[in-house]
Amino acid sequence: MGPDGVRWVPDAATGVGALVVAGSSGRVDSPRAELLARQGALAESIRWFGGAGQPAGPWDVPLETFIARVDDLARDCDRVVVLGTSFGAEAALHVGALCPAVTAVVGFAPSDVTWAGVRPDGSVTSHWTLGGEPLPFVAYDDGWTPDNDVPAYVGLYAASRERFAADLTRAAIPVEQIGTVVVVAGGDDQVWPSVVMAESIRHRRADAGRETLVVTDADAGHRTILPGEAVVTGGTTMRRGGTEEADRRIGAAAWSHVVGLLSG
């Protein structure tokens with residue numbers, strides 16, 4: 001039995017499959033998948049943790065969970081695009097590097113590295129496994145403390161990148177192996193430094209002779225709102241930055257590129 005999820009079948013198929021991977025909620029992002037189906041994609045989204053037979057949280061999640069969905073979409077489609085947000089962008093970029101059927105990845109609030117996953121008992125592992133083995137990761141700076149009851153974790157990630165700089169290369173996602181990459185990053189992201197990490201992705205791919213499209217907006221936060229989407233509420237209590245106006249603006253700027261990737 002596969003993970004919980006949805007599949008939206010388009011009225012006029014373009015031959016493109018799309019896998020939508022939500023962020024740290026691990027939820028089924030049915031609205032975004034439906035939005036992509038309206039553009040002709042055979043679009044899926046799955047629960048990637050917290051379901052039957054899955055890790056309880058975003059730690060030790062098998063990348064095979066997503067690879068299996070890509071393989072299934074590839075049986076019905078000419079090519080596959082994977083779109084992920086935050087932790088889901090980590091997964092999307094890894095899967096894009098691993099699966100030849102994936103021709104493009106769109107990372108919203110992306111990371112250039114694999115981050116640590118913290119189990120309920122406080123032990124630290126990787127967000128992802130492959131072949132049963134945890135991928136190398138960047139740990140968190142345990143000396144960091146939030147300055148507010150509603151924390152902005154961007155400082156934690158910046159401090160962790162500085163403290164564990166020697167691990168950044170070892171934990172780097174092999175983005176150079178992906179055909180097309182679009183990354184969307186808000187300059188007011190208060191969850192983590194997505195612009196810094198998007199630019200790292202761009203620079204590493206440029207060194208490998210690959211172009212990367214980076215869509216940014218100085219006032220946007222962690223959650224991009226694509227045209228036609230409602231504002232997402234709920235989730236872990238934290239500051240995410242941005243405003244609805246700016247988050248919609250960056251979504252509109254990214255949308256034409258997303259639509260282009262879904263065209264047959």
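**Figure 1. The whole chain of the predicted model.** The radius of gyration is taken over C-alpha atoms, and the rule for a globule is 2.2 Å times the number of residues to the power 0.38. For 264 residues, a compact globule would therefore have a radius of gyration near 18 Å, and the 17 Å of the chain agrees with this. The C-alpha trace spans about 55 × 40 × 40 Å along its principal axes. The chain holds 6 helices and 12 strands. Of its 264 residues, 52% count as buried. The chain exposes about 11,200 Å², and carbon and sulfur atoms supply 51% of that area. Taking contacts between residues at least 6 apart in sequence, 70% join residues at least 24 apart. The chain carries 21 positive and 33 negative charges, and the mean positions of the two sets are 2 Å apart.

**Figure 2. Helix 1 and its cover.** Helix 1 consists of residues 30–37. Of its 8 residues, 6 are buried, and the helix is mostly covered. The buried ones are Ser-30, Arg-32, Ala-33, Leu-35, Leu-36 and Ala-37. Which elements cover these buried residues? They include strand 1 (5–8), strand 2 (16–21), strand 3, strand 5 (79–85), strand 6 (102–108) and helix 6 (244–262).

**Figure 3. A close view of Arg-32 in helix 1.** Is Arg-32 buried or exposed? Its relative accessible area is 6%, and a residue counts as buried under 20%, so Arg-32 is buried. Leaving aside neighbours within four places in sequence, Arg-32 is in contact with Val-20, Thr-85, Phe-108, Thr-224, Leu-226 and Glu-229. Among these partners, Val-20 falls in strand 2 (16–21), Thr-85 in strand 5 (79–85) and Phe-108 in strand 6 (102–108).

**Figure 4. Helix 3, residues 87–98.** From its first C-alpha to its last, this helix of 12 residues reaches 17 Å, close to the 16 Å expected at 1.5 Å a residue. Because 11 of the 12 residues are buried, helix 3 is largely enclosed by the rest of the structure. The buried residues are Phe-87, Gly-88, Ala-89, Glu-90, Ala-91, Ala-92, Leu-93, His-94, Val-95, Gly-96 and Ala-97.

**Figure 5. Two loop residues with positive phi, Ser-86 and Ala-109.** Most residues other than glycine have a negative phi. Ser-86 is not a glycine, yet its phi is positive, at about 60°. Ser-86 sits in the loop between strand 5 and helix 3. With a relative accessible area of 5%, Ser-86 is buried. Ala-109 is likewise not a glycine and has a positive phi, of about 50°. The place of Ala-109 is the loop between strand 6 and strand 7 (116–118). Its relative accessibility is 2%, and Ala-109 therefore counts as buried.

**Figure 6. Leu-261 in helix 6.** Leu-261 has a relative accessible area of 14% and is buried. Which residues does Leu-261 contact, leaving aside its neighbours within four places in sequence? The contacts are with Val-16, Arg-79, Val-81, Ala-104, Val-106, Thr-180 and Val-182. One of these partners, Ala-104, is 157 residues from Leu-261 along the chain, while the C-alpha atoms of the pair are separated by 7.4 Å.

**Figure 7. Pro-55 in a loop.** Pro-55 belongs to the loop between strand 3 (42–46) and strand 4 (61–62). Its relative accessibility is 19%. The cut-off for a buried residue is under 20%, so Pro-55 counts as buried. Apart from neighbours within four places in sequence, Pro-55 is in contact with Phe-49, Gly-50, Asp-60 and Val-61. Ala-91, one of the buried residues of helix 3, is 36 residues from Pro-55 along the chain. The C-alpha atoms of Pro-55 and Ala-91 are separated by 15 Å.

**Figure 8. Ala-13, an exposed loop residue.** Ala-13 is located in the loop between strand 1 and strand 2. At 64% relative accessibility, which is over the 50% cut-off, Ala-13 counts as exposed. How far apart are the C-alpha atoms of Ala-13 and Ala-171? They are separated by 37 Å, and the two residues are 158 residues apart along the chain.

Key. Residues are numbered from 1 along each chain as its sequence is written. This is a predicted model: local features need pLDDT of at least 70, side-chain atom pairs count only at pLDDT 80 or more; totals for chains, interfaces and linings use all residues. Side-chain values use heavy atoms; hydrogens and water are left out. Helices (H or I, at least four residues) and strands (E, at least two) are DSSP runs, numbered from the N terminus. Buried means under 20% relative accessible area, exposed over 50%, partly exposed in between (1.4 Å probe, protein chains only). Contact means heavy atoms within 4.5 Å. Accessible areas come from the Shrake-Rupley method with a 1.4 Å probe; for residues, only the protein chains shown count as cover. Lys and Arg count as positive and Asp and Glu as negative; His and the chain ends are not counted. The place of a charge is taken as NZ of Lys, CZ of Arg, CG of Asp or CD of Glu. The expected span of a helix is 1.5 Å times one less than its number of residues.
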